[in-house]
Amino acid sequence: MKKKLFRVIAIVALLALCVTALAACNAYKWDSIGSGDSSAAPVSNGGYFVKQGGYAYFVNGYVGESTDGNAWGAAVKGSIVRASVKEDGSIDSSTAKVVVPENVYTTTSGTGIAIFGEWIYYAAYNYDKDKNGEMSTTDLDFMRTRNDGAVTQKIGTISSRTANYKFTPSRVLYVADNTISYFDFSGMKGDKSSKKCKGVTSGTLAENVTSVAWNYAEESVAGSIDEYVFYTQSLTGTESYKNYNKLCVVKYDGTDSKVIATETSYLSNSEKPEETPLKVFKFSLVGIYYDDANTATLYYTKSFYKDSTDTNCGLFCNQYKDGTFDVSKEKQLNSIASTTVFPLGYEKGALAYNSDNIYCWYNGSNASDPVQVNESASAKVWKVEGNYAYFTASDAEELFKINYTEKSNVESVVVTCIKADWYPIEFYGDMMYYFYGDDNNYIYAVNLTAVDEEKPQGTMIGIYAEGDKPSEDTEEK
């Protein structure tokens with residue numbers, strides 16, 4: 001009797017093990033939608049719209065944070081969709097297919113999806129339950145999915161949904177608790193879907209970090225300057241009492257790490273830091289611009305400490321070029337230490353808020369009398385092409401453009417309902433991509449060279465979720 005009972009228990013246990021193993025094998029199951037253009041360089045990594053070869057990959061609408069989890073395979077709105085790109089640069093929405101059936105929503109500003117080779121990299125909220133059955137409200141998963149959708153793998157999980165992060169060809173970097181950390185996925189095999197993060201290692205890239213500047217180049221290619229991370233580092237130990245910090249750089253893989261500006265960088269050979277406090281600074285990075293494949297322009301504020309007081313010096317820019325940072329070539333853009341900045345590169349300077357939160361053009365020679373770009377406070381610049389800045393007012397109902405180099409009339413470009421409080425408006429060629437507001441929240445496209453002001457603006461380019469598709473006479477065009 002005992003033997004029979006043991007056999008029954010063993011069989012039940014074996015069945016449970018098989019079910020568990022089968023579930024593990026079927027993690028992130030999704031049918032292939034066919035290969036993409038894996039050999040092409042990705043364009044516009046880091047937002048919600050990325051082009052690679054003849055395909056576009058984009059977030060199919062805004063859902064927001066879920067209250068009932070994020071079941072794999074259930075998402076259409078909020079998923080990542082792939083569609084073919086036509087010769088004129090527009091999207092063939094008839095080819096749109098879901099490639100990542102998960103809501104990839106995060107609240108971190110300036111982050112999004114990225115593509116390297118055959119993999120799409122993204123972040124999504126983790127709603128796993130604890131032993132008490134309570135869903136996580138803090139965890140974030142870093143993920144990758146092959147561009148045909150057939151293989152998906154978890155890279156790692158962090159306990160912050162507000163961390164700044166960046167994807168690279170072999171690592172995902174993230175900033176939390178004044179530390180730049182990483183998950184290195186170069187050891188992952190790419191043949192099977194998995195939640196186990198097998199082959200992933202983790203570590204620290206930099207500690208005691210007080211500000212970070214990184215971005216994606218318009219076209220991501222190996223060896224470009226966008227593979228470097230710039231950061232400021234506070235002093236520790238016996239040096240912690242001193243009133244300066246270090247401006248540093250390191251490649252994403254941990255190599256080529258160096259300090260590029262520090263306590264003595266602005267001093268002559270005969271000067272001593274304690275005797276010349278006006279030349280000893282604390283830096284804070286506020287922006288970055290890639291001038292070319294080997295050159296980055298850094299935007300930062302500086303302050304010095306004298307007579308027990310920290311004094312701001314203003315907003316500055318300078319180039320990190322071919323591995324060097326020459327402080328003698330630094331440009332002071334203004335004296336008010338603006339932190340809302342739209343970088344234009346070393347030669348042109350930046351569009352930055354003045355003390356009234358109005359954009360001005362600071363070019364390094366007009367700090368006291370800059371060109372005021374717009375009239376209304378709290379506007380948002382999204383794009384600069386040539387001498388024209390494209391911006392929205394605080395209500396984001398209309399896109400304007402203006403020649404920022406001179407005082408000129410503002411021109412209306414697109415009148416529509418733009419949702420601009422999540423991912424930013426994006427541009428590729430003549431096309432503008434945005435999330436339509438008014439509770440629609442799907443991704444729309446407008447050709448900026450063929451706008452007809454007599455009609456509502458924009459065409460939805462993705463896939464409607466069940467129950468969301470409007471009738472033909474009410475659909476926005």
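Visitor: What makes Phe116, Leu173, Phe185 and Tyr252 count as residues that Thr168 touches?

Guide: Contact means heavy atoms within 4.5 Å, and Thr168 touches those four, leaving aside residues up to four places away in sequence. This is a predicted model, where local features need pLDDT of at least 70, side-chain atom pairs count only at pLDDT 80 or more, and totals for chains, interfaces and linings use all residues. Residues are numbered from 1 along each chain as its sequence is written, and side-chain values use heavy atoms, with hydrogens and water left out.

Visitor: Why is Thr168 called buried?

Guide: Buried means under 20% relative accessible area, exposed over 50%, and partly exposed in between (1.4 Å probe, protein chains only). Thr168 has 4%, so it is buried.

Visitor: And where is Thr168 found?

Guide: Thr168 sits in the loop between β10 (164–167) and β11 (171–176); strands here are DSSP runs of E, at least two residues, numbered from the N terminus. Its side chain also reaches the backbone oxygen of Arg171 at 2.7 Å.

Visitor: How do you know that β27 and strand β28 pair?

Guide: Two strands pair if DSSP finds at least two bridges between them. β27 and β28 (residues 388–392) have 5 bridges and run antiparallel, with Glu385 opposite Tyr388 in β28.

Visitor: What makes β27 and β30 edge strands in the open sheet β27-β28-β29-β30?

Guide: β27 (380–385) and β30 (411–415) each have a single partner strand, so one side of each is left without a neighbour in the sheet.

Terms used
Helices (H or I, at least four residues) and strands (E, at least two) are DSSP runs, numbered from the N terminus. A polar contact is a pair of N or O atoms within 3.5 Å; within protein, one must be able to donate a hydrogen and the other to accept it, and residues adjacent in sequence count only if both atoms are side-chain atoms.
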